[in-house]
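New to this one? Let's go through it by asking how each label is earned.

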Amino acid sequence: MTETQSANAYLEGPYAPVAEEIIARDLVATSGEIPKDLVGMFVRNGANPKLAPKGRYHWFDGDGMVHAIQLEGGKATYRNKYVRTKGLLAEIEAGEPLWTGILEPPDFSNSRGPFKNTANTDLVFHGGKLLALWWQSGIPYQLNIADLETMGQERFGKNHKPGISAHPKVDPRNGEMRFMTFSVFAPYLSYGVIDATGELAHYTPIHSVPGARYQHDIAITEQFTILMDLPMYPDPEMLAVGKSRVKFYRDRPARFGLIPRLGTDADVRWFEAEPCYVYHTINAWEEGNEVVMVGCRIADPLMGDPSNPQLSHAVPSIGLQRLEPYLHEWRFNLETGKTTERKLSDVLVEFPRMDNRLLGVKSRYSFNPKVAHASTVIFEGLVKHDFSNNTEIVHLYPEGWSAGEAVVCPREGSTGEDDAYVVSFALEHATGTSELWIWSAKDFGAPIARVPVPQRVPAGYHAWWISSSDISKNTVTA
Ligand SMILES: [Fe+2]
């Protein structure tokens with residue numbers, strides 16, 4: 001028997017929202033010590049619905065709330081705050097939800113738009129600004145790193161209204177940020193580059209993506225950005241009559257498009273691969289006449305698909321999404337136009353992270369939360385994967401605990417890829433006790449420090465490490 005989800009599973013237990021916005025200073029480790037050379041700010045976004053949802057709730061619907069830990073001198077300061085989006089402020093003023101979530105039919109007649117930009121998904125520090133980003137593409141919201149107050153919408157100096165999707169990639173070589181934007185209306189996918197100062201430098205439609213697609217991530221190499229056209233998307237005939245019904249077209253290939261860094265649609269080379277869905281890439285790089293990409297691949301991404309394999313264990317789901325992701329490598333041959341691909345591990349992992357200093361060039365390690373065989377998405381451990389020989393070190397959390405995305409934080413004076421710490425928020429489900437866990441990236445195993453946080457930090461999404469050097473580049477003050 002597999003576990004089944006309750007109707008509101010993503011509003012309960014580890015996912016239940018918190019109402020309070022607090023500040024707690026001078027936090028210290030109760031196990032181990034906060035390393036003195038770990039200096040910066042760990043920020044994590046997530047869904048935290050302010051009002052009781054209208055209609056069925058999907059985990060991706062909730063309002064964005066950011067939890068932050070600033071680390072310096074072996075001490076920590078915690079704070080959390082809602083992202084005060086236009087949508088959230090309008091709903092607070094109205095005293096009721098003004099949108100339904102993605103499990104309900106979209107209301108294309110809503111004068112505020114069919115979807116609420118919750119800015120709940122991702123965070124990036126770029127051009128001296130901390131930005132909260134939304135998975136469906138939207139105008140980002142800038143947050144003040146001193147107090148997490150929402151500063152307003154970010155339009156990149158060019159009144160850029162389409163916004164950007166979650167998971168832009170900051171090129172460590174030139175400071176540019178490459179991104180994609182997608183829509184249920186044409187152009188269905190667009191590609192852009194924001195320069196190191198935070199100004200839009202390039203933005204171009206990708207017409208070779210022929211319809212509305214569920215986009216989520218991209219990857220970059222030194223010369224190319226890798227775009228995706230994956231065969232899980234809304235039925236075009238239903239969309240044409242204003243309805244949304246997602247299907248996985250398992251008879252169609254996955255397509256990965258290599259676009260030169262400042263290229264246009266005419267320059268994109270599409271490579272076909274086995275059908276799948278990909279939420280998150282880890283890295284990509286150029287290697288001889290190939291472009292290599294590694295990430296988490298899901299072969300059967302939809303619940304209720306009669307072609308899915310019958311399993312004796314639970315596979316997590318979020319609404320219609322079925323999460324059974326494995327590490328995977330794709331190699332796109334620039335001479336032959338062919339793709340070769342292989343599964344790299346049998347361990348279920350998602351929300352992978354690596355050392356962003358090596359984004360776009362060959363990297364060796366990633367740190368990947370281990371997906372539990374449960375009905376909802378919960379991470380029961382952390383895996384250090386070594387791509388040089390595809391070996392892994394698996395650290396399993398104590399019974400009853402989970403943790404979220406684990407970000408690589410180079411230590412002050414770091415000289416190498418895993419000369420770093422890894423940090424994440426952890427949660428004991430039964431008690432609601434939350435802690436910041438700090439691992440050594442090099443000597444990976446159990447956390448080297450555990451720092452109690454005086455508030456429950458619900459399970460959430462993506463995180464970012466703002467280094468001490470980036471904090472000094474911050475463009476706003478409290
Ligand atoms: Fe994501």
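What follows is a run of questions and answers about this predicted model.

Q: What makes His-167, His-216, His-280 and His-462 the protein donors of the iron ion?
A: Each gives its NE2 atom, lying 2.1 Å from the iron ion. The cut-off for a donor is within 2.8 Å of the metal, so these nitrogens count.

Q: Why is the site of the iron ion called irregular?
A: Its 4 donor atoms make angles of 92 to 169 degrees. Four donors are tetrahedral if all angles lie between 85 and 135 degrees, so the 169 rules that label out. The site ends up classed as irregular.

Q: How are the donor residues of the iron ion spaced in sequence?
A: The pattern reads H-x48-H-x63-H-x181-H. One pair, His-216 and His-280, links distant parts of the chain, 64 residues apart. His-216 sits in the loop between β13 (200–205) and β14 (219–220), while His-280 belongs to strand β20. Both His-216 and His-280 are buried.

Q: How do you know that the structure holds 0 disulfides, taking Cys-296 and Cys-409 as examples?
A: Two cysteine sulfur atoms need to be within 2.5 Å to count as a disulfide. For Cys-296, the nearest cysteine sulfur is that of Cys-276, 11 Å away. For Cys-409, the nearest is that of Cys-296, 19 Å away. Neither Cys-296 nor Cys-409 is in a disulfide, and the count for the structure is 0.

Q: Is Cys-296 buried or exposed, and what makes it so?
A: Cys-296 is at 0% relative accessibility. Buried means under 20%, so Cys-296 gets that label. Cys-409 is also at 0% and counts as buried.

Q: What is the volume of the second largest pocket, and which residues are closest to its centre?
A: Its volume is about 960 Å³. Of the 43 residues that line the pocket, the closest to its centre are Val-170, Asn-356, Trp-464, Trp-465 and Asp-470.

Q: Which elements supply the lining of the second largest pocket?
A: Those giving at least two residues each are β6 (122–126), β10 (169–170), β20 (277–287), β30 (407–410), β34 (463–467) and α3 (468–473). The largest share comes from β6, with 5 residues. Sorted by class, the lining has 18 nonpolar, 13 polar and 12 charged residues.

Q: What makes a space a cavity, and how many cavities turn up here?
A: In a cavity, a 1.4 Å probe fits but cannot get out. A search of the whole structure finds 5 of them at 30 Å³ or more. The largest cavity has a volume of about 270 Å³. Its lining is made of 23 residues, with Asp-61, Trp-99, Thr-100, Gly-101 and Lys-116 nearest its centre. That lining splits into 12 nonpolar, 5 polar and 6 charged residues.

Q: What is unusual about Asp-26 and Ala-119?
A: Most residues other than glycine have a negative phi. Asp-26 is not a glycine, yet its phi is positive, about 55 degrees. Ala-119 is not a glycine either, and its phi is about 50 degrees, also positive.

Q: Why is Asp-26 called exposed and Ala-119 buried?
A: Asp-26, in strand β1 (residues 23–27), has a relative accessible area of 53%. Exposed means over 50%, so Asp-26 qualifies. Ala-119, in the loop between α1 (86–94) and β6, has a value of 0%. That is under the 20% limit, so Ala-119 is buried.

Q: Why is Asn-389 called partly exposed?
A: Asn-389 has a relative accessible area of 45%. Buried is under 20% and exposed is over 50%, so 45% falls in between. Asn-389 lies in the loop between β27 (379–386) and β28 (391–396).

Q: What makes Ser-317 count as buried?
A: Its relative accessible area is 7%, under the 20% limit, so Ser-317 is buried. Ser-317 is found in strand β22 (residues 317–318). Its C-alpha atom and that of Val-377 are separated by 6.6 Å, though the two residues are 60 apart along the chain.

Q: Which kind of peptide bond joins Ala-186 and Pro-187?
A: That bond is cis, with omega about -5 degrees. Most peptide bonds are trans. Pro-187 has its place in the loop between β11 (177–182) and β12 (189–194).

Terms used. Residues numbered from 1 in each chain as written. Predicted model: local features only at pLDDT ≥ 70, side-chain atom pairs only at ≥ 80, totals over all residues. Heavy atoms only, no water. 1 Å grid on protein atoms, 1.4 Å probe; cavity = no way out; pocket = protein on both sides within 12 Å on 5 of 7 lines; lining within 4 Å. Points joined across faces, edges and corners; volume = space filled by probe spheres on them. Helix = DSSP H or I, 4+ residues; strand = E, 2+ residues; numbered from the N terminus. Nonpolar A, V, L, I, M, F, W, Y, C, P; charged D, E, K, R; others polar. Buried < 20%, exposed > 50% of the residue type's maximum accessible area, 1.4 Å probe, protein only. Donors = N, O, S within 2.8 Å, 3.2 Å for Na, K, Ca; no water. Tetrahedral: all angles 85-135°; square planar, octahedral: opposite > 155°, others 65-115°.
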